Amino acid sequence: MKNDFKVALFDLDGVVFDTEPQYTEFWGSQCREFHPDDPGLEHRIKGQTLVQIFDNHFTGELEKVRALITDRLNEFERTMRFEYVAGFEEFIKAIRQRGVKTAVVTSSNQVKMNAVYERRPEFRQLFDEILTSEDFEYSKPHPDCYLKAAARFAAAPEDCVVFEDSFNGLKSGRAANMYVVGLSTTNAAEDIAPLCDEVIEDYILLNTTNH
């Protein structure tokens, strides 16, 4: 991976935390209840925001269940496990020691982040900035979120590295003209490779090459 970057921008789920299997379980239950005629839908909506999921799959008669699903999701996120992707803590501490600025750039809302802060008190100390859905005008794959994050540090796109796992997130980093590292925690490496400058399984190998 390029070593001259000044800013590292991380998506949250599937990049910092290995939470995607839990979300697949949650959305699997909702899709089986409300879309029993569309098996596997929970896999196809990975990486989409809640608004995108609702706009694409919960319209017409299903609009009336949006509030119910939102309440279920909020409750689910209050009790979910937040386990770091392998090697993440060591990697981010190492790059911060080198003077690299770090930020979370997530489509998660403040309710979700409050759950993270409660269960992971050290989390905020790992990042210089935390940007959530409330900070963006446009959702991924639009580059707005990553451009806003770079602006927090007065950094040019070429000085930034984006770590992403979802198709929309990878497209967002690419559209922002930043170096994109894709994690194959959510989608297969061969599927995300065309949208990345490189693909990693976790941060363990980076820890051996960046010290």
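Which backbone nitrogen does a side-chain oxygen of Asn109 reach at the start of H6? In this predicted model, the oxygen of the Asn109 side chain comes to within 3.2 Å of the backbone nitrogen of Val111 at the start of helix H6. Helix H6 itself spans residues 110–119, and its buried residues are Lys112, Met113, Ala115, Val116 and Tyr117. The elements that cover these buried residues include helix H1 (20–34), helix H4 (66–79) and strand E3 (129–131).

The packing of H4 against H6 was examined next. The axes of these two helices lie 8 Å apart, and the packing angle is about 15°. Because angles under 35 degrees count as roughly parallel, H4 is described as roughly parallel to H6. The crossing of H4 and H6 is right-handed. On the H4 side the contact is made by Asn74, Glu77, Arg78 and Thr79, which meet Val111, Lys112, Ala115 and Arg119 of H6. Classified by residue type, this contact has two nonpolar, two polar and four charged residues. Val111 thus appears in two settings: the backbone nitrogen of Val111 is approached by the Asn109 side chain, and Val111 is among the H6 residues that meet H4. Lys112 and Ala115 likewise belong to the buried residues of H6 and take part in the contact with H4.

Helix H4 also packs against H1. The axes of H1 and H4 come within 11 Å and cross at roughly 155°. Since angles over 145 degrees count as roughly antiparallel, H1 is roughly antiparallel to H4. H1 passes H4 in a right-handed crossing. From H1, the residues Gln22, Tyr23, Phe26, Trp27, Gln30, Glu33 and Phe34 meet Leu68, Ile69, Arg72, Leu73, Phe76 and Glu77 of H4. The residues of this contact divide into eight nonpolar, two polar and three charged. Glu77 of H4 is listed in the contact with H1 and also in the contact with H6.

Ahead of H1, Asp11 is placed in the loop between strand E1 (7–10) and H1. Asp11 counts as buried because its relative accessibility is 9%, under the 20% limit. The side chain of Asp11 makes a polar contact with the side chain of Lys140, at 3.1 Å. Apart from residues up to four places away in sequence, Asp11 touches Val16, Val105, Thr106, Lys140, Tyr146, Phe163, Glu164 and Asp165.

Tyr146, one of the residues touched by Asp11, belongs to the buried set of helix H7. That helix covers residues 144–152, and its buried residues are Asp144, Cys145, Tyr146, Ala149 and Ala150. Covering these residues are elements that include E1, strand E2 (101–105), E3, strand E4 (160–164) and helix H8 (167–175). Strand E3 is also named among the elements that cover the buried residues of H6. H7 is followed by Ala154, the phi of which is positive, near 55°.

A further buried position is found in strand E6 (residues 198–200), where Ile200 lies. The relative accessible area of Ile200 is 10%, and the residue is therefore buried. Ile200 and Gly182 are separated by 18 residues in sequence, whereas their C-alpha atoms are 6.2 Å apart in space. With neighbours within four places in sequence left aside, Ile200 is in contact with Val181, Gly182, Leu183, Ser184 and Leu206.

How values were computed:
Residues numbered from 1 in each chain as written. Predicted model: local features only at pLDDT ≥ 70, side-chain atom pairs only at ≥ 80, totals over all residues. Heavy atoms only, no water. Buried < 20%, exposed > 50% of the residue type's maximum accessible area, 1.4 Å probe, protein only. Helix = DSSP H or I, 4+ residues; strand = E, 2+ residues; numbered from the N terminus. Contact = heavy atoms within 4.5 Å. Polar contact = N/O pair within 3.5 Å; in protein donor to acceptor, adjacent residues only side chain to side chain. Axes fitted to C-alpha atoms, helices over the stretch in contact; angles between N-to-C directions. Parallel < 35°, antiparallel > 145°, perpendicular 65-115°, else oblique. Left-handed = near helix turned anticlockwise from the far one by under 90°. Nonpolar A, V, L, I, M, F, W, Y, C, P; charged D, E, K, R; others polar.
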